[in-house]
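Trainee: Could you take me through one part of this protein closely, namely its nonpolar interior, and then show me how the rest of the chain is arranged around that part?

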Amino acid sequence: AIKKREISSSFSGLLPLFVLAHFMHHALNALLPPLLPFIRKDFSLDYTRAGFVISAYSLSYGASQLLAGWLADRIGPRISMTIGIVGVAIFGLLVGLSQTYIMMLVFLVLMGFVGGGYHPSAPPLISQMVDPKNRGRTLGLHQTGGSASFLVTPLLAAALATAWGWRGSFISLAIITMIFGVIFY
């Protein structure tokens, strides 16, 4: 059984902020699936072109991971992680402001590309903060932030889209994420 004291020592210091950072990092891309019907309607997209909306982010995000890991080793994980959080927010804001389908795809590709900086950067920083015997548990707790965004964000997206449309969802979450990323740095 895990002792209560071990869990609290794993979840102390800056770790709650890292969990929130992971949540914020994924919040904008977690908006895409629940908002896709609104985006499809706004841009009159068929299913193939709607699929490119999700793929534009996902493919560039996946491809950027190797480059982001190399870059994090060169410029430092703190700067790389900040680029990952704030960059996603900047391009998420631009997605919300996109006036054409192509413009939105370009911003989603760029959002995915800069978003790659988070994952190669956060685990080394977290690993430096905790005792090696708690490292696995701590990294697991950190992972819950990213996963929780895929549970919470669709619910939030529905509420925001009802009030402000799909663009308002992107813009509002992007602004919050940007502010958090700058403060977290």
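Mentor: Happily; we start with the whole chain, go into the core, and then visit a few single residues.

First, a word on what you are looking at. This is a predicted model, in which local features need pLDDT of at least 70 and side-chain atom pairs count only at pLDDT 80 or more, while totals for chains, interfaces and linings use all residues. Residues are numbered from 1 along each chain as its sequence is written, and side-chain values use heavy atoms, with hydrogens and water left out.

The chain has 8 helices and 0 strands; here helices (H or I, at least four residues) and strands (E, at least two) are DSSP runs, numbered from the N terminus. The C-alpha atoms fill a box of roughly 55 × 35 × 30 Å along the principal axes. A compact globule of 185 residues would have a radius of gyration near 16 Å, and the 17 Å of this chain agrees with that. That radius is taken over C-alpha atoms, and the globule rule is 2.2 Å times the number of residues to the power 0.38.

Of the 185 residues, 46% count as buried. Buried means under 20% relative accessible area, exposed means over 50%, and partly exposed lies in between (1.4 Å probe, protein chains only).

Now for the part you asked about. A nonpolar core is a set of buried Ala, Val, Leu, Ile, Met, Phe, Trp, Tyr and Cys residues joined through side-chain atoms within 4.5 Å. The largest one here holds 31 residues, and Leu-28, Ile-39, Val-53, Met-104, Leu-108 and Phe-170 touch the most other members. The elements giving two or more residues to this core are α3 (32-43), α4 (47-75), α5 (77-97), α6 (101-115) and α8 (135-184). Apart from this core lies another, of 14 residues, including Ile-85, Tyr-118, Ala-122 and Ile-126.

Phe-170 is a good residue to click on. Leaving aside neighbours within four places in sequence, Phe-170 is in contact with Leu-28, Leu-31, Leu-32, Leu-35, Ile-39, Gly-92, Val-95 and Gly-96; contact means heavy atoms within 4.5 Å.

Next, look at helix α7 (residues 122-129), where Ala-122, Leu-125, Ile-126 and Ser-127 are buried. The buried residues of α7 pack against α2 (15-30), α5 and α8.

Two more helix residues are worth a visit. Thr-82 sits in helix α5 and is buried, with a relative accessible area of 17%. Thr-82 and Tyr-185 are 103 residues apart in sequence, yet their C-alpha atoms are 6.1 Å apart in space. Beyond neighbours within four places in sequence, Thr-82 is in contact with Gly-87, Gly-181 and Tyr-185.

Phe-52 belongs to helix α4, and a relative accessible area of 45% makes Phe-52 partly exposed. With neighbours within four places in sequence set aside, Phe-52 is in contact with Tyr-101 and Leu-105. The C-alpha atoms of Phe-52 and Leu-155, 103 residues apart along the chain, are separated by 23 Å.

Finally, go to the loop between α3 and α4, where you will find Ser-44. Ser-44 is exposed, with a relative accessible area of 62%. Although Ser-44 is not a glycine, its phi is positive, at about 50°. Most residues other than glycine have a negative phi.
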